[in-house]
Amino acid sequence: MAVDGRPSWDAWLVGGAVGVAGLLALHSAVPNGVGRLGSLLETFLPWLGLAVPLLGCLALLRRSVPGLLACLVPVGVWLWMFGGLWFSSSPTSYDLTVVQHNVADDNADPAGTARALRATRADLVAVQELTTAGRPVFEDVLGASHPHRAVHGTVGLWSAHPLSEVRPVDIRPEGFPGSWQRGLRATVSAPGGEIAVYVVHLPSVRLGPTGFASAARDESAALLGARIADDPAGRLLVVGDLNGTVRDRGLGPLTSRLDAPASGFAFSWPASLPVARIDQVLGRGAEVTRVSALGSTGSDHLPVLARVRLR
């Protein structure tokens, strides 16, 4: 109802609840042509649910029964979209554990970071922003537990199982120099069978006056997606800092070819107050049953631990 020609609190609250539900369910309809607003929304999409408690409190203060009832709509939509990540339990059986970590090129304690990764006892340890000075440190700390390694440019893979067919993967956007080397592929001879593993680091994104600057990242994701599409491996993992969430449409050419973890939010960035998981472990022919964030290291990212079941 309206009061003096103006919408009442009931109308405002119902409209707000329906609007939140609409943005959640129809996020792909938000245009990306100007400032890549769609990608920006999708980066932080789960946090849109925080609007519901706010609307609920306002409804209680205003004693608005329609407003309270309307809040059930975005709650239902949120649970439909994200409830599985929160509530579902992953299978107890798995074949591999994988740690993904952007170790940060300005990390003041690479040895401590390497020890933290070793302590996870993961089968595979994938890192990005590996520096020339930091590489020997990781080799020394991880060498005994993970004797097999592959490094190309600033990305690396340490494995407890033998590696073969190691090669670089060129995912450079147009105009990037040849020194920009952020991709590799290796075949891991795991106890459950061979699996191809890509370790990658896509270009960074920036939020500025013109919007969400992700063009280079999106181009790199498309290049990687084409490589994945052509890869004949029956089992495959993509592990890396993708600088985007799995719902970000800018990563669509890549993520549409892979399966995301079945459970776990695992927000990994920034380490001081994690609000998004941009560090990913995605599979094809291999099920990533659960992903979880680990404790902080000397990096601005948190490590992410994934459990993988081979199909």
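Here is a walk through a few helices, a surface patch and some salt bridges in this structure. Keep in mind that this is a predicted model.

Let's start with how two helices sit against each other. Helix 1 covers residues 9-25 and helix 3 covers residues 51-61, and the two pack with their axes 10 Å apart. The angle between them is about 170°. Angles over 145 degrees count as roughly antiparallel, so that is the label for helix 1 and helix 3. If you look at the handedness, helix 1 passes helix 3 in a left-handed crossing.

Now move along to helix 4, which spans residues 65-87 and holds phenylalanine 87. With a relative accessible area of 58%, Phe87 is exposed, because the cut-off for that word is anything over 50%. Phe87 has company out there: together with Val75, Leu79 and Trp86, it makes up a nonpolar patch on the surface. Added up, the four give about 430 Å² of accessible area.

Next, the charged side chains. Side chains of opposite charge can pair when their charged atoms come close. Searching the whole structure turns up 11 salt bridges. One of them joins aspartate 218 to arginine 36, with 3.1 Å between the closest N and O atoms. Asp218 belongs to helix 7 (residues 215-230), while Arg36 is in the loop between helix 1 and helix 2 (37-43), so this pair ties together parts that are 182 residues apart in sequence. As for cover, Asp218 counts as buried at 13% relative accessibility, whereas Arg36, at 27%, counts as partly exposed.

Asp218 has another partner as well. Its side chain meets that of arginine 217 in a salt bridge, at 2.7 Å from N to O. Arg217 has 0% relative accessibility and counts as buried. Zoom out a little and you'll find Arg36, Arg217, Asp218 and Asp248 linked in a network of salt bridges.

One more pair is worth clicking on. Arginine 249 and glutamate 42 meet through their side chains in a salt bridge, 2.9 Å from N to O. This is another link between distant parts of the chain: Arg249 is in the loop between strand 12 (236-241) and helix 8 (252-255), Glu42 is in helix 2, and they are 207 residues apart. Glu42 is buried, with a relative accessible area of 2%, while Arg249 is partly exposed at 27%.

Note on methods: Residues numbered from 1 in each chain as written. Predicted model: local features only at pLDDT ≥ 70, side-chain atom pairs only at ≥ 80, totals over all residues. Heavy atoms only, no water. Patch = residues over 30% accessible without salt bridge, like charges linked within 9 Å, V, L, I, M, F, W, Y side chains within 5 Å. Areas by Shrake-Rupley, 256 points an atom, 1.4 Å probe, with all protein chains shown as cover. Helix = DSSP H or I, 4+ residues; strand = E, 2+ residues; numbered from the N terminus. Buried < 20%, exposed > 50% of the residue type's maximum accessible area, 1.4 Å probe, protein only. Axes fitted to C-alpha atoms, helices over the stretch in contact; angles between N-to-C directions. Parallel < 35°, antiparallel > 145°, perpendicular 65-115°, else oblique. Left-handed = near helix turned anticlockwise from the far one by under 90°.
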